[in-house]
There are 2 protein chains.
Amino acid sequence: MSRQADASGSFDIDADYKPLRDRVRDELRQRIIDDVYPAGTRLVETEIAAQLGVSRLPVREAIRALESEGFVKTIPRRGAVVVELSAQDIEELFDVRETLEVLASRQAATRATKAELRRVRGILARGRKALDTGDRVALGKANEAFHDEILKLSHNSLLQTVLEPLQGRLHWLLRQTGDPYDLFEEHSAWFEAIASGSADLAAEHARRHARLNREIVRTLLAERQQQAPPA
Amino acid sequence: MSRQADASGSFDIDADYKPLRDRVRDELRQRIIDDVYPAGTRLVETEIAAQLGVSRLPVREAIRALESEGFVKTIPRRGAVVVELSAQDIEELFDVRETLEVLASRQAATRATKAELRRVRGILARGRKALDTGDRVALGKANEAFHDEILKLSHNSLLQTVLEPLQGRLHWLLRQTGDPYDLFEEHSAWFEAIASGSADLAAEHARRHARLNREIVRTLLAERQQQAPPA
DNA sequence: TCTTAGGATCCTGTATACCGTATCCCTGAT
DNA sequence: ATCAGGGATACGGTATACAGGATCCTAAGA
């Protein structure tokens, strides 16, 4: 028992196997998003290796992965540093995100199955509950999960692989700046547009949501910059 | 002596330095695109390392990079295999490409400088010459260069990093299927739209071009499938 | 002859150790 | 206070080793 859903041939005995490098990468990514490693932090291979109790190799590979995800930048022979997102980087992030989420939303509207829509409704319900109890962190997570789900609904795996790393950076950013309460209400409306099955309507909502999001980040960043003028 | 350009402090004595892993990656990518390693080929680390006269490490890192670019898929504990692009993969590729190139084109229209436009005109001229002399390979390269240039014109570095790996796969595909002659004429018209400075016009041309491209690949792939029915 | 069990083999994933060298940082002299 | 010199540090790469999963080959059995 305990194992379920294993219809045909290839089994997932140890489907939960994950190379060490991937686990290290996940751990480091989380630390960056959680601001344990703020922008500018140097990621020293030997330090991390020692701390995680692994050899340098998986750490190196993890760092390379984070580099291709845009979380760190490695300077030749100097190593990896957690990037600081410039104003322009953020604009670009939203540019690309907007276009891709519009596409995702459009495809989701025509391709999502009933079962999938139900699942997303569940996530929204979770968010609603977090909103009512004022659990800011849980609401943030629900919001992030929502975005990931929209992507899945698109049934476009390339879209997912391209957008996922960006989502990571976006979540990172929003966690520093955004207000999860505003976002949540938007998500509900957006979702209904997708569930309606109209690609155009879904696209319109996606675009609106992305722009709202961008505005929120912009204002919060502008405020912050006034408080802390350039060094 | 013999050294030049060393005015101030840190100069680019060895600005052309490139980590070994990157050179290995470039080499392997080229081999895939050139069909030296056709779809299904296993990339065995030790073999490649021996052949290139490097250790396994840079090879591993190169393979990881190619994985994140979508050229190979690695199965845990089994290693990397050159991917076969399924019909769906190709559709997804064009989906994403279309949206992103529309964005690139739109931004290029408003941001490109005169000097940049001149440079692109030069590339088109090169293509025209290749067309006249019937140099298919040169024309293909000019076409590929053109797409890369449009990206640069957008002045959106994220867009470039996201789209570049896809371009690689696209070029790979087009080299197998496409007809460079048809594409060239399209490029000229598209470029004029960008040079006109109208974002909407540029976007429209980008979309048209992407769709034409998609159709070309679709038909050629359909033909091929008829000739070689499923194994 | 076909199937199957078992073992040999290949190759990845990870660990260790080590070297050259670029960069950084500290110290000391001017 | 500035600048040069000399470690110390840590990356980039090599070489080697080894456990264990995946594959393949072979030989025994039905």
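**Entry 1: DNA strand D**

I began at B:Ser55, where an N or O atom in the side chain is 2.9 Å from a phosphate oxygen of DNA strand D. I note here that the model is predicted. Next I looked up B:Leu20, and found that a polar atom of its backbone is 2.4 Å from a phosphate oxygen of this strand D. For B:Arg21 I wrote down a polar side-chain atom at 3.4 Å from a phosphate oxygen of DNA strand D.

I then asked which elements give two or more residues to the surface near DNA strand D. From chain A they are β1 (42–43) and α3 (56–68), and from chain B they are α1 (20–33) and α3 (56–68).

I looked up the residues around the strand: 21 of them surround DNA strand D. The closest are A:Arg56, A:Arg64, B:Leu20, B:Ser55 and B:Arg78. By class, I have 11 charged, 8 nonpolar and 2 polar residues on this surface.

I also checked the DNA side. Of the atoms of strand D within 4 Å of the protein, 80% belong to sugar or phosphate, and the rest belong to bases.

**Entry 2: DNA strand C**

I turned to the other strand letter and found 21 residues surrounding DNA strand C. A:Leu20, A:Ser55, A:Arg77, A:Arg78 and B:Arg56 are the closest. Sugar and phosphate make up 72% of the atoms of strand C that come within 4 Å of the protein.

I looked up single contacts next. A polar side-chain atom of A:Ser55 is 2.6 Å from a phosphate oxygen of DNA strand C. From chain B, I noted a polar backbone atom of B:Leu43 at 3.5 Å from a phosphate oxygen of strand C. B:Arg77 has a backbone N or O atom 3.4 Å from a phosphate oxygen of strand C.

The elements giving two or more residues to this surface are α1 and α3 of chain A, with β1 (42–43) and α3 of chain B. I entered the classes as 8 nonpolar, 2 polar and 11 charged residues near DNA strand C.

**Entry 3: chain B against chain A**

I looked up the contact between the protein chains. Chain A brings 29 residues to it and chain B brings 28. How much area is buried between chain B and chain A? The value is about 2,400 Å², and carbon and sulfur atoms give 56% of it. I then searched for the leading contributors on chain B: B:Arg77, B:Glu92 and B:Leu158 supply 22% of the area that chain B buries against chain A, more than any other three residues.

For charged pairs, I recorded 4 salt bridges between chain B and chain A. One of the pairs I looked up is A:Glu61 with B:Arg64, which form a salt bridge with their closest N and O atoms 3.3 Å apart. I also found 12 residue pairs in polar contact across this interface.

On the chain B side, α3, α4 (87–111) and α7 (157–177) each supply at least two residues. Which of the elements gives the most to the side of chain B that touches chain A? I found α4(B), with 10 residues. The residues on this side of chain B divide into 11 nonpolar, 7 polar and 10 charged.

**Entry 4: A:Tyr37**

I located A:Tyr37 in the loop between α1 (20–33) and β1 of chain A. Is A:Tyr37 buried or exposed? Its relative accessibility is 12%, so A:Tyr37 counts as buried, the cut-off being under 20%.

I listed what A:Tyr37 touches, leaving out residues up to four places away in sequence: A:Leu28, A:Arg31, A:Ile32, A:Leu43, A:Ile48, A:Gln51 and A:Val82. With A:Arg31 there is also a polar contact, side chain to side chain, at 2.7 Å. As a distance check, I took A:Tyr37 and A:Arg118, which are 81 residues apart in sequence and 37 Å apart in space, C-alpha to C-alpha.

**Entry 5: positive phi values**

I looked up A:Asp35, which is in the loop between α1 and β1 of chain A. Its phi is near 65 degrees, a positive value in a residue other than glycine. A:Asp35 has a relative accessible area of 44%, so I entered it as partly exposed.

In chain B, I looked up B:His155, in the loop between α6 (136–153) and α7. The phi of B:His155 is positive, near 55 degrees, and the residue is not glycine. With a relative accessible area of 32%, B:His155 is partly exposed.

How values were computed:
Residues are numbered from 1 along each chain as its sequence is written. Chains are lettered from A and ligands numbered from 1 in the order in which they are written. This is a predicted model: local features need pLDDT of at least 70, side-chain atom pairs count only at pLDDT 80 or more; totals for chains, interfaces and linings use all residues. Side-chain values use heavy atoms; hydrogens and water are left out. A residue is near a molecule or strand if one of its heavy atoms lies within 4 Å of it. A polar contact is a pair of N or O atoms within 3.5 Å; within protein, one must be able to donate a hydrogen and the other to accept it, and residues adjacent in sequence count only if both atoms are side-chain atoms. Helices (H or I, at least four residues) and strands (E, at least two) are DSSP runs, numbered from the N terminus. Ala, Val, Leu, Ile, Met, Phe, Trp, Tyr, Cys and Pro count as nonpolar, Asp, Glu, Lys and Arg as charged, and the others, Gly among them, as polar. Contact means heavy atoms within 4.5 Å. Buried area is the accessible area (1.4 Å probe) that two parts lose on being put together, summed over both. A salt bridge is a side-chain nitrogen of Lys or Arg within 4 Å of a carboxyl oxygen of Asp or Glu. Buried means under 20% relative accessible area, exposed over 50%, partly exposed in between (1.4 Å probe, protein chains only).
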